[in-house]
Amino acid sequence: DALHDALTGLPNRVLILDRLEQSLARYRRDNAQSFAVLYLDLDRFKVINDSMGHAIGDALLIEASQRISRGVREVDTVARMGGDEFAVLLPGVY
């Protein structure tokens, strides 16, 4: 539970940063072990959360997390960094 976001069930900042460090270490050993990192922020989320309520904001975050997760490979890591921010670690991207 300490490595996952309670709302979305996604890995959290701590877990993705650990996986990022592992990816960097692999790359340093062998620069053919490339990877990519995507950072996503939901525009105007605060407006939705403040005007429609936290329950709607939470539902939006859950839906966004599911949609992002459906769009990546099984080996990729989608994480909720906090608030309306997500990161995706894509190993093996050339």
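In the protein chain, residues 24 or more positions apart account for 54% of the contacts (heavy atoms within 4.5 Å) that have a separation of 6 or more. The model is a predicted one, in which local features need pLDDT of at least 70 and side-chain atom pairs count only at pLDDT 80 or more, while totals for chains, interfaces and linings use all residues. Residues are numbered from 1 along each chain as its sequence is written, and side-chain values use heavy atoms, with hydrogens and water left out.

The chain has 3 helices and 3 strands, which are DSSP runs (H or I of at least four residues for helices, E of at least two for strands) numbered from the N terminus, and these elements follow the order α-β-α-α-β-β from the N terminus on. Along the principal axes, the C-alpha atoms fill a box of roughly 50 × 25 × 20 Å.

Of the 94 residues, 30% count as buried, that is, under 20% relative accessible area with a 1.4 Å probe, protein chains only. The largest nonpolar core, a set of buried Ala, Val, Leu, Ile, Met, Phe, Trp, Tyr and Cys residues joined through side-chain atoms within 4.5 Å, has 9 residues, including Leu10, Phe45, Ile68 and Phe86. To this core α3 (54-70) and β3 (85-91) each supply at least two residues. Apart from it lies another core, of 5 residues, among them Ile16, Met81, Ala87 and Leu89.

Leu10, a member of the largest core, is in contact, leaving aside its neighbours within four places in sequence, with residues including Leu3, Ser65, Val78, Arg80 and Phe86.

Technical notes:
Buried means under 20% relative accessible area, exposed over 50%, partly exposed in between (1.4 Å probe, protein chains only).
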